[in-house]
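Here's a quick briefing for anyone meeting this protein for the first time. Have a look at the sequence and the fold, then read on.

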Amino acid sequence: MNRLILAAALGLGVAGAAMADPAAGTWKTEPGDTGGYLHVAVAPCGSNVCGTIKTAFDKDGAEQTDYEHKGKRMLWDMQPGDDGSYSGGQIWAPDSGKTYGSKMSLSGNALTVKGCVAGGLICRGQTWKRVD
């Protein structure tokens, strides 16, 4: 019985830690080639962190309600590290339709997100700004 209570308490502690992930929130991407940008909702998904496209905007800041990728998963399986870093996940680039290995680092209200090839040797990324 004591083991069952201990296991439940540990499980709740892990779930509470995942829900309180510092990267959780809505993030504004850098503008793409057309000047448009996205809002990506980042949240815990199990013990990792994932991100879903919440809203798209054109270069003038007008919401694009008919954006074809709205609601699609953009980041997944990002494993949090001890120092505001995340690794081991994937990122999907809506402009190319390609998926890359990904890593992220959080510093205050800036989230640097990178897509990588060649085992992480070659990376390209953006710095996203926290919306909420």
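Is Asp77 buried, partly exposed or exposed? Asp77 counts as partly exposed, because its relative accessibility is 36%, and the cut-offs put anything under 20% as buried and anything over 50% as exposed. One thing to keep in mind from the start: this is a predicted model. The protein has one helix and eight strands, and 31% of its 132 residues count as buried.

**The overall layout**

- Going along the sequence, you meet the elements in the order α-β-β-β-β-β-β-β-β.
- Several of those strands come up again below, among them β2, which covers residues 37-45, and β3, which covers residues 48-57.
- Further along there's β4, made of residues 73-80, and β7, made of residues 110-117.
- After β7 comes a loop that leads to β8, and β8 spans 122-130.

**Two residues with an unusual backbone angle**

- Asp77, the residue from the opening question, sits in strand β4.
- Its phi is near 60°, and that's a positive value in a residue other than glycine.
- Ala118 has a positive phi too, near 55°, and Ala118 isn't glycine either.
- You'll find Ala118 in the loop between β7 and β8.
- With 48% relative accessibility, Ala118 counts as partly exposed, since a residue has to be over 50% to count as exposed.
- Ala118 and Gly101 are 17 residues apart along the chain, and their C-alpha atoms are separated by 9.1 Å.

**Rings, and charges over rings**

- How many aromatic pairs does a search of the whole structure find? Just one turns up.
- That pair is Tyr37 with Phe57, and it's stacked, with 4.9 Å from centre to centre and 15° between the planes.
- Tyr37 belongs to strand β2 and Phe57 to strand β3, so the pair ties together parts of the chain that are 20 residues apart in sequence.
- Tyr37 counts as buried because its relative accessibility is 15%.
- Phe57 is buried as well, with a relative accessible area of 15%.
- Tyr37 also has Lys28 lying over its face, at 4.4 Å from the ring centre.
- Elsewhere, the charged end of Arg73 sits over the ring of Trp76, 4.2 Å from the centre of that ring.

**The disulfides**

- A disulfide is a covalent bond between the sulfur atoms of two cysteines.
- How many disulfides does a search of the whole structure find? The search finds two of them.
- Cys45 is joined to Cys50, with 1.9 Å from S to S.
- This link between Cys45 and Cys50 is right-handed, with 70° about the S-S bond.
- Cys45 counts as partly exposed at 28% relative accessibility, whereas Cys50 is buried, with a relative accessible area of 13%.
- The other disulfide is formed by Cys116 and Cys123, whose sulfur atoms are 2.1 Å apart.
- The torsion about the S-S bond of Cys116 and Cys123 is about 105°, so this disulfide is right-handed.
- Cys116 counts as buried at 9% relative accessibility, while Cys123 is partly exposed, with a relative accessible area of 30%.
- Count the bonded cysteines along the chain, and the disulfides follow the pattern 1-2, 3-4.

**A nonpolar patch on the surface**

- Which residues form a nonpolar patch on the surface? They're Val117, Leu121 and Ile122, and together they have about 320 Å² of accessible area.
- Val117 lies in strand β7, and at 37% relative accessibility Val117 counts as partly exposed.

How values were computed. Residues numbered from 1 in each chain as written. Predicted model: local features only at pLDDT ≥ 70, side-chain atom pairs only at ≥ 80, totals over all residues. Heavy atoms only, no water. Phe/Tyr/Trp six-rings, centres within 6.5 Å; stacked < 30°, edge-to-face > 60°. Helix = DSSP H or I, 4+ residues; strand = E, 2+ residues; numbered from the N terminus. Buried < 20%, exposed > 50% of the residue type's maximum accessible area, 1.4 Å probe, protein only. Lys NZ or Arg CZ within 6 Å of the ring centre and 35° of its normal. Patch = residues over 30% accessible without salt bridge, like charges linked within 9 Å, V, L, I, M, F, W, Y side chains within 5 Å. Areas by Shrake-Rupley, 256 points an atom, 1.4 Å probe, with all protein chains shown as cover. Salt bridge = Lys/Arg side-chain N within 4 Å of Asp/Glu carboxyl O. Disulfide = S-S within 2.5 Å.
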